[in-house]
Amino acid sequence: CGAVFLFLGTVRDLTDGQATASLDYEAYAGMAEKKLAAVEADLHARWPMLGAVTIIHRLGHLEVGEVAVAVAVSSPHRAEAFAACEQAIN
């Protein structure tokens with residue numbers, strides 16, 4: 001693969017004009033893992049040439065500036081990697 005795109009979503013201090021001190025994320029593990037696997041399968045179906053896809057969403061208490069979500073996608077070409085990474089985070 002000639003392209004690797006990485007998206008990091010961080011906890012920001014302001015959302016829609018409202019101050020944020022921190023965030024707390026919870027999830028039902030079985031359901032969340034199933035959904036993330038479905039997102040990955042969808043990406044591979046849309047862009048069969050993709051290499052690796054990794055999606056991680058942290059749980060628990062996160063402070064402003066900490067990474068909450070990470071998406072990494074590799075592909076032979078940048079356009080597909082960028083599009084797939086954007087689709088995954090959306």
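Me: A salt bridge is a side-chain nitrogen of Lys or Arg within 4 Å of a carboxyl oxygen of Asp or Glu. How many salt bridges does a search of the whole structure find?

Reply: This is a predicted model: local features need pLDDT of at least 70, side-chain atom pairs count only at pLDDT 80 or more, and totals for chains, interfaces and linings use all residues. Numbering starts from 1 along each chain as its sequence is written, and side-chain values use heavy atoms, leaving out hydrogens and water. Side chains of opposite charge can pair when their charged atoms come close. For salt bridges, the search of the whole structure gives two.

Me: What is the order of elements in the protein chain from the N terminus on?

Reply: Helices (H or I, at least four residues) and strands (E, at least two) are DSSP runs, numbered from the N terminus. The protein chain has two helices and seven strands. From the N terminus on, they run β-β-β-β-α-β-β-β-α.

Me: How far apart along helix 1 are D42 and R46, in helical turns?

Reply: Their side chains form a salt bridge, 3.0 Å from N to O. Both residues sit in helix 1 (residues 29–46). They are four residues apart, so the separation is about one helical turn.

Me: Are D42 and R46 buried, exposed or partly exposed?

Reply: Buried means under 20% relative accessible area, exposed over 50%, and partly exposed in between (1.4 Å probe, protein chains only). D42 has 29%. R46 has 48%. Each therefore counts as partly exposed.

Me: Which residue pairs with E66 in a salt bridge?

Reply: The N to O distance in this salt bridge is 3.6 Å. E66 is partly exposed at 28% relative accessibility. The partner is partly exposed too, at 34%. The side chain that meets E66 is that of R58.

Me: Which residues of helix 2 meet helix 1?

Reply: Contact means heavy atoms within 4.5 Å. The helix 1 side consists of V39, D42, L43 and R46. D42 and R46 also share a salt bridge. In helix 2 (residues 78–89), the residues met are A84, Q87 and A88.

Me: How is helix 1 oriented relative to helix 2, roughly parallel or roughly antiparallel?

Reply: Axes are lines fitted to C-alpha atoms, for helices over the stretch in contact, with angles from 0 to 180 degrees between N-to-C directions. These two axes come within 10 Å and cross at roughly 150°. That makes helix 1, relative to helix 2, roughly antiparallel. Under 35 degrees counts as roughly parallel, 65 to 115 as roughly perpendicular, the rest as oblique, and over 145 as roughly antiparallel.

Me: Is the crossing of helix 1 and helix 2 left-handed or right-handed?

Reply: A crossing is left-handed if the near helix is turned anticlockwise from the far one by less than a right angle, and right-handed if clockwise. The crossing of helix 1 and helix 2 is right-handed.

Me: What is the distance from the backbone nitrogen of A52 to a polar atom of the side chain of S74?

Reply: S74 is in strand 7 and is buried at 11% relative accessibility. Beyond four places in sequence, its contacts are C1, A3, V4, L50, G51 and A52. Its C-alpha atom is 6.4 Å from that of F5, 69 residues apart along the chain. The backbone nitrogen of A52 is separated from the side-chain polar atom of S74 by 2.8 Å.

Me: What is the relative accessible area of S75?

Reply: S75 lies in strand 7 (residues 67–75). Leaving aside neighbours within four places, its contacts include C1, G2, M49, E80 and A81. S75 is buried, because its relative accessible area is 0%.

Me: What phi does D16 have?

Reply: D16 is in the loop between strand 2 (14–15) and strand 3 (18–19). At 80% relative accessibility, D16 is exposed. It is not a glycine, yet its phi is positive, at about 50°.

Technical notes:
Polar contact = N/O pair within 3.5 Å; in protein donor to acceptor, adjacent residues only side chain to side chain.
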